[in-house]
Amino acid sequence: MTDCLFCRMVGGAIKPDIVFENDHILAFNDISPQAPVHVLVIPKIHIATLNDLNDTRLGGEMLEVTASLATQLGIATDGYRTVFNCNTHGGQTVQHLHLHLLGGRQMSWPPG
Ligand code: 5GP
Ligand code: ZN
């Protein structure tokens, strides 16, 4: 059994609140939402960080799925934020690549 939290979700040992799934990608609601919409979009294969992503097709599919979810969740027109946190300075806490989709409120800039 893997000790990667998100791999365990992909494998079904832990059941997140899934909003989208296909053969390559899983998307689910964040357990600690930082906005009215806060979804995590992950590849089903284990990729630790954005530094380790070398599959442009998979990366592109993650972006397409995320934009499509923004439309489905009703935040596309008002706008939203997408974030890949990477390693320590990026504030990454789960070492399995994930794209945050945040929306439903005004975001500020610069990020903390
Ligand atoms: P990071 O800080 O690595 O960019 O983001 C990790 C995200 O995973 C955080 O927003 C955190 O709330 C979320 N998270 C951590 N544990 C769980 C969990 O067990 N279930 C869900 N749905 N999200 C989680
Ligand atoms: Zn993993």
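# Working through the fold

Residues 24 or more positions apart make up 54% of the chain's contacts with a separation of 6 or more, where contact means heavy atoms within 4.5 Å. This is a predicted model, in which local features need pLDDT of at least 70 and side-chain atom pairs count only at pLDDT 80 or more, while totals for chains, interfaces and linings use all residues. Residues are numbered from 1 along each chain as its sequence is written, chains are lettered from A and ligands numbered from 1 in the order in which they are written, and side-chain values use heavy atoms, with hydrogens and water left out.

**Exercise 1.** Work out which pattern of helices and strands the chain follows.

*Solution.* Start by counting: there are 3 helices and 5 strands. These are DSSP runs numbered from the N terminus, with at least four residues (H or I) for a helix and at least two (E) for a strand. Now read along the sequence, and you get α-β-β-β-α-β-α-β.

**Exercise 2.** Find the order of the strands in the open sheet, then see what lies across them.

*Solution.* The 5 strands are ordered 1-2-3-5-4 and pair antiparallel; two strands pair if DSSP finds at least two bridges between them. At the edges sit strand 1 (18–21) and strand 4 (80–83), each pairing on one side only. From one strand to the next, the twist averages 15 degrees. Next, zoom in on one pairing: strand 3 (residues 37–43) meets strand 5 (residues 99–103) over 5 bridges, in the antiparallel sense. Within that pairing, H38 has L102 of strand 5 as its bridge partner. Finally, add helix 2, which lies across strands 1, 2 (25–29), 3, 4 and 5 and runs at about 155 degrees to strand 3. For such angles, axes are lines fitted to C-alpha atoms (for helices, over the stretch in contact), and the angle between N-to-C directions runs from 0 to 180 degrees.

**Exercise 3.** Is E61 buried or exposed, and which side chain of opposite charge is nearest?

*Solution.* First, place E61: it belongs to helix 2 (residues 56–72). E61 is buried, and buried means under 20% relative accessible area, exposed over 50%, partly exposed in between (1.4 Å probe, protein chains only). Next, look for a charged partner, counting Lys and Arg as positive and Asp and Glu as negative, with His and the chain ends not counted. R57 is the nearest, 5.8 Å away, and E61 has no salt bridge. That term calls for a side-chain nitrogen of Lys or Arg within 4 Å of a carboxyl oxygen of Asp or Glu. Last, leave aside neighbours within four places in sequence: E61 is then in contact with N22, H24 and I25.

**Exercise 4.** How many salt bridges does a search of the whole structure find?

*Solution.* The search turns up 1. K44 and E21 bring their side chains together in a salt bridge, 2.7 Å from N to O. K44 is in the loop between strand 3 and helix 2 while E21 is in strand 1, so the pair ties together parts 23 residues apart in sequence. E21 itself is partly exposed, at 44% relative accessible area.

**Exercise 5.** Pick out the cis peptide bond and a positive phi in a residue other than glycine.

*Solution.* Keep the background in mind: most peptide bonds are trans, and most residues other than glycine have a negative phi. The bond from W109 to P110 is cis, with omega near 5 degrees, and P110 falls in the segment after strand 5. As for phi, N87 has a positive value near 55 degrees. N87 lies in helix 3 (residues 87–90) and is partly exposed, with a relative accessible area of 33%.
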